[in-house]
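Please look over the sequence and the 3D structure shown below before reading on. The briefing that follows goes through strands, sheets and pockets, topic by topic.

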Amino acid sequence: VTLILITIVTTISIIYINNKEVREWMDKNIFQKEKTQNNLPSIEINESESSNIYAFNKYIGVLNKNNFSIYSNTGRKENEITLEITTPIFSANNRYLAVAEEKGKKIYLVADKDIAWEREVEGNISQISVNENGYVAITIVDTSYKTVIAMYNNQGEHLFNTYLSSTRVVAASVSNDNKYLALAEIDTAGTIVQSNIKIISIENGKTDPENSIKKVYNGENGELITNIKYQEKNKLICMYTNKITSIKEDETVEILQEYENKKVSFASIELSNDSITVEEKSSGIFTADSVINIINSNNKGTSLYTAESVTKEIYTSDNVIALNLGSEVEFINTSGWLVKRYIAEQEITNIVLSNSIAGIVYRDKIEIINL
């Protein structure tokens, strides 16, 4: 009996992997991966009022008139906290959510469903980044310096400031072990744009900020860096307009993807241990497929997923990728397998995503998909 069961399971698995029609039928009818509009838990919102919506951890938050309402995956309100924020910037990681006033001075750190701390800074906030332990890097502009980076721990203690006199910071990231702060800088003072990546020791920054720089990586002339992110094992993933690279703990640099001569419509490094590019490939006279290339940051292993439509927008979080295909959303994991498919009756314009929950945002409600 055991051998028969093993044979049946193995046979079904092989057919599932290799036969697309069977896989789609099983995903829909057995695994219940296909969800449709108006058949899911939802959160009602006032369409006459402007709300800012964000997914983090296992919750969806709705910010309206300084009230931040936190909802569970069933649509039940779990908590409501006061955030004196009008135009928010969000950054989430693990159980932490940082919320700041864009071009303002206020910043909050939310842990699970409650405020851990709040602070005001000198200057205006342009960006924020939080790591999985709640350490926050704040990018500040409109001071006597071109850019100031303020570093805070998860208790709200100010650790140090880094002052940049001539470069603009496009992204910042804090390592998961709280040891390093990485800055992606662009210097436009010369005739050619210069991109740099600066690694700062947080421990040294607390005692001697001026001598806390551990390493500086200079990009090639004309290269434009757009984002950086610390992933697992302290790998710093760096995204340029034409490639994605990895800086390892031993300070070596490895190219993960190059796409200068490809028709890449989207790229992202906002994942736990992968980077992705979305490439359009013609499938007919008037049709095209979206091929998602998923590269593992550890071993450069590649997973592919093909969506039979042109991707309008992508969203990424930890190990989940959401592809907005117009009136349909496909949620896939970083192994290249379908997690959920959502079919709407209209064009989808806004999605919020975390690793375990997604929200499809309409004018009067948010439909919740558990991932």
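Which residue of β12 stands opposite N124? In this predicted model, the residue of β12 that stands opposite N124 is V141. The points below begin with the sheet to which β12 belongs, then turn to an enclosed strand, to a single residue and finally to two pockets.

**The open sheet**

- Strands β11, β12, β13 and β14 follow one another in that order in an open sheet of four strands, and their pairing is antiparallel.
- At the edges of this sheet are β11, which covers residues 124-130, and β14, which covers residues 158-164, and each of these two strands pairs on one side only.
- On average, and with direction ignored, neighbouring strands of the sheet are turned by 20 degrees against each other.
- Six bridges link β11 to strand β12 (residues 136-141) in the antiparallel sense.
- As general background, the strands of a sheet pair through backbone hydrogen bonds, and this pairing can be either parallel or antiparallel.

**Strand β4 and its partners**

- Strand β4 runs through residues 59-64, and because six of its six residues are buried, the strand is largely enclosed by the rest of the structure.
- In a regular strand, the side chains alternate between the two faces of the sheet.
- Both faces of β4 are covered, since the line-up on one side is Y59, G61 and L63, while I60, V62 and N64 are on the other, and all of these residues are buried.
- Strand β3 (residues 52-56) pairs with β4 in the antiparallel sense over five bridges, and within this pairing F56 has Y59 of β4 as its bridge partner.
- The hairpin made by β3 and β4 has two residues between the strands, and N57 takes a positive phi near 50 degrees there.
- Strand β5 (residues 67-71) also pairs with β4 in the antiparallel sense, over five bridges, and the bridge partner of I60 in β5 is Y71.
- A hairpin is likewise formed by β4 and β5, with two residues between them, and in its turn K65 has a positive phi of about 50 degrees.

**Residue V253**

- V253 is part of strand β22, which spans residues 253-258.
- Although V253 and K235 are 18 residues apart along the chain, their C-alpha atoms are separated by 9.9 Å.
- When neighbours within four places in sequence are left aside, V253 is in contact with Y217, T245, S246 and I247.

**The largest pocket**

- The largest pocket has a volume of about 1200 Å³.
- Its lining is made up of 48 residues, and those that lie nearest the centre of the pocket are Y54, S91, A92, E270 and T316.
- Sorted by class, this lining has 22 nonpolar, 21 polar and five charged residues.

**The second largest pocket**

- The second largest pocket holds about 470 Å³ of space.
- This pocket is lined by 20 residues, and K20, R23, E24, Y305 and T306 are the closest to its centre.
- Two or more residues of the lining come from each of the elements α2 (20-29), β26 (302-307), β29 (328-333) and β30 (338-343), and α2 gives the most, with five residues.
- By class, the lining of the second largest pocket has six nonpolar, four polar and ten charged residues.

Definitions and conventions:
Residues are numbered from 1 along each chain as its sequence is written. This is a predicted model: local features need pLDDT of at least 70, side-chain atom pairs count only at pLDDT 80 or more; totals for chains, interfaces and linings use all residues. Side-chain values use heavy atoms; hydrogens and water are left out. On a 1 Å grid over the protein atoms alone, a cavity is a set of points where a 1.4 Å probe fits but cannot get out, and a pocket is an open set with protein on both sides within 12 Å along at least five of seven lines; lining residues have an atom within 4 Å of a point. Grid points are joined across faces, edges and corners, and a volume is the space filled by probe spheres set on the points. Ala, Val, Leu, Ile, Met, Phe, Trp, Tyr, Cys and Pro count as nonpolar, Asp, Glu, Lys and Arg as charged, and the others, Gly among them, as polar. Two strands pair if DSSP finds at least two bridges between them. Axes are lines fitted to C-alpha atoms, for helices over the stretch in contact, and angles run from 0 to 180 degrees between N-to-C directions. Buried means under 20% relative accessible area, exposed over 50%, partly exposed in between (1.4 Å probe, protein chains only). Contact means heavy atoms within 4.5 Å.
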